[in-house]
Amino acid sequence: MKLLKDILYGVGLSAVSGDTNVIVNSMHFDSRKVEMDDVFVAIKGLVTDGHKYIKTAIDAGAKAVVCEVMPSILVNGVTYLQVDNGNRALAIMASNFYENPSKNLKLVGVTGTNGKTTVTSLLYSLFKKAGYKVGLISTIKIMVDEVEYKTTHTTPDALTINYHLCLMNEAGVEFCFMEVSSHGIHQKRAEGLKFEGAIFTNLSHDHLDYHKTFAEYRDTKKKLFDGLPKTSFVLTNLDDKNGIVMLQNTKAKKYTYALKSFADYRGQILENQINGQLLKIDENELWSKLIGDFNAYNLLAIYATAELLGLEKLEILRLISELENVDGRFQYFISKEKITAIVDYAHTPDALKNVLITINALRTGNENVITVVGCGGDRDKSKRPVMGHIASEMSNQAIFTSDNPRTESPETIIEEMEGGVEPQNVKKILSIENRKQAIKTACKLAAANDIILVAGKGHETYQETNGTRVDFDDFKEIKAALISLNK
């Protein structure tokens, strides 16, 4: 239980009706979760407007309502608080409600189009290996030291974030690594959090269904860095043309990393193989099990972050050499027939291109590359023909299939992908709507030493169609298909 006026500290109220000197039990933005003496925060969402459910929340026992628009009828005994932005108010109130938990640990945010999950997950693993109690908030899961919690968003809502940060405080967690998506930034989910530092990985075509323009997408990412205080640090990828943009208005201490440019932290790829790569970082060589240029950037960011957080350089290099691939990120399996199956979350044009560049660089010239790929429904449609072009151009065989069609027609999505295929590549593509059948077909087409890439879903263990999720795991499916083929 908390005093209402205490959790309102820093919110900025436009109008107040009622008493703020009252005790409240909990707070929610979902009216279905409201119970007696709770606070209900009305959020204007993409699908529905929380203001429609103010009466429902009051009927359930809400003692206070936070809203952007005051209701026409005010109920006696209920405190109404008007704010300019419900999302921002929710985030600050959530932080206050849980005693500002981000201030009691070193929280590092990671943003960018690609690499967020790999960087946060591997930083979690590295600091665990170094003997620390560590937290993780990622697309895949939330970790409170050793305890795992499920997550449904790259950046969870503000209540979920602060609740788990509070659990981390109770568990004695010293460091937490958190993915910060453009949606999360735009919707103020990270407002009120104290970041020790923030990392920018890269920026490419994604989420233009939400942000409308690339400039808006970039500038949304930039807000994370703009809001940092001078006590924090910023680490940015200088090889990405948007990397320098992220530093323009920040007050934080600025650091850069790069493979190609002069930077504070520089790396070099000395050797690349299917089972790993040899890197030079800070004039020291190390072998990593993670392959590809994109992973070289990820590892360099991890090295720099660990050093900025106080770990000793040689110890960091040793720990990096022990890191394993994150589930669904260039996760591979080699069958008895010497067919290599790779599962990767690549669901943007840039990510798919990077993975295929890496695969093609590992070929001796005789192997075929077979790519199974789809595009999600109810998401940025403009990237579909681009994904189709990349897959057909950079593979010997491309199979277009269903990803998570959600409320869209899978056939329509595949047709839009086909629209990006150049005439000379038309014979290289197959369209098989059923993802399981598409994976099986790829396995049947493959010969010894060929490489099959299944892209788009990575770690996801479901297929979503019309609001229903069914179990589906790309890695399990292709592994089973190859084993069955051997039998």
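These are my notebook entries on helices, helix pairs and single residues looked up in a predicted model.

**Entry 1: helix 4**

I started with helix 4, which covers residues 116-129 and holds 14 residues. From its first C-alpha to its last I get 20 Å, close to the 20 Å expected at 1.5 Å a residue. I then looked at how covered helix 4 is, and eleven of its 14 residues turn out to be buried. I listed them as Lys116, Thr117, Thr118, Val119, Thr120, Ser121, Leu122, Leu123, Tyr124, Leu126 and Phe127. After helix 4 comes Gly131, with a positive phi near 100°.

**Entry 2: Leu299, and back to helix 4**

I looked up Leu299 and found it in helix 9, residues 293-308. Is Leu299 buried or exposed? Its relative accessibility is 0%, so I file Leu299 as buried, the cut-off being under 20%. I next listed what Leu299 touches, leaving aside neighbours within four places in sequence: Leu122, Leu279, Ser288, Leu290, Ile320 and Leu323. Leu122 is also one of the buried residues of helix 4. Another residue on that buried list is Leu123. The C-alpha atoms of Leu299 and Leu123 are separated by 9.3 Å, with the two positions 176 residues apart along the chain.

**Entry 3: helix 5**

I repeated the span check on helix 5, residues 158-171. Its 14 residues should span 20 Å at 1.5 Å a residue, and its end C-alpha atoms are 20 Å apart, so the two values agree. The buried residues I noted for helix 5 are Ala158, Leu159, Ile161, Asn162, His164, Leu165, Cys166, Leu167 and Met168. What do these buried residues pack against? I find helix 3 (86-97) and five strands' worth of entries to write down: strand 4 (27-28), strand 9 (134-137), strand 10, strand 11 and strand 12 (175-179).

**Entry 4: two residues with positive phi**

Most residues other than glycine have a negative phi. I therefore noted Asp145, which is not a glycine and has a positive phi of about 55°. Asp145 sits in the loop between strand 10 (142-144) and strand 11 (147-149). Strand 10 and strand 11 are among the elements that the buried residues of helix 5 pack against. The relative accessible area of Asp145 is 11%, so I record Asp145 as buried.

I made a similar note for Asn466, whose phi is positive at about 50° although Asn466 is not a glycine. I located Asn466 in the loop between strand 25 (462-465) and strand 26 (468-471). Buried or exposed, for Asn466? With a relative accessible area of 55%, Asn466 is exposed.

**Entry 5: helix 12 and helix 13**

I took helix 12 (residues 383-394) and helix 13 (residues 410-418) as a pair; their axes are 6 Å apart and the packing angle is about 60°. That angle makes helix 12 oblique to helix 13. I recorded the crossing of the two helices as right-handed. Arg384, Pro385 and Gly388 on the helix 12 side meet Ile413, Glu416 and Met417 on the helix 13 side. Sorted by class, this contact has three nonpolar, one polar and two charged residues.

**Entry 6: helix 14 and helix 15**

For helix 14 (residues 435-445) and helix 15 (residues 474-486) I find axes that come within 9 Å and cross at roughly 45°. This makes helix 14 oblique to helix 15. I noted this crossing as right-handed. Which residues make the contact? Helix 14 supplies Arg435, Lys436, Ile439, Lys440, Cys443 and Lys444, and helix 15 supplies Asp474, Glu477, Ile478, Ala481, Leu482 and Leu485. By class I count six nonpolar, no polar and six charged residues in the contact.

**Entry 7: Leu314 and Asp344**

I found Leu314 in helix 10, residues 313-321. Leu314 has a relative accessible area of 54%, so I mark Leu314 as exposed. Its C-alpha is separated by 8.6 Å from that of Asn284, 30 residues away along the chain.

Asp344 belongs to strand 20, residues 340-344. At 7% relative accessibility I count Asp344 as buried. Outside its neighbours within four places in sequence, Asp344 contacts Gly328, Arg329, Phe330, Val355, Leu453, Val454, Ala455, Gly456, Lys457 and Gly458. I also looked up the distance from Asp344 to Ile316, 28 residues apart along the chain, and their C-alpha atoms are separated by 26 Å.

How values were computed:
Residues numbered from 1 in each chain as written. Predicted model: local features only at pLDDT ≥ 70, side-chain atom pairs only at ≥ 80, totals over all residues. Heavy atoms only, no water. Axes fitted to C-alpha atoms, helices over the stretch in contact; angles between N-to-C directions. Helix = DSSP H or I, 4+ residues; strand = E, 2+ residues; numbered from the N terminus. Parallel < 35°, antiparallel > 145°, perpendicular 65-115°, else oblique. Left-handed = near helix turned anticlockwise from the far one by under 90°. Contact = heavy atoms within 4.5 Å. Nonpolar A, V, L, I, M, F, W, Y, C, P; charged D, E, K, R; others polar. Buried < 20%, exposed > 50% of the residue type's maximum accessible area, 1.4 Å probe, protein only. Expected span 1.5 Å × (residues − 1).
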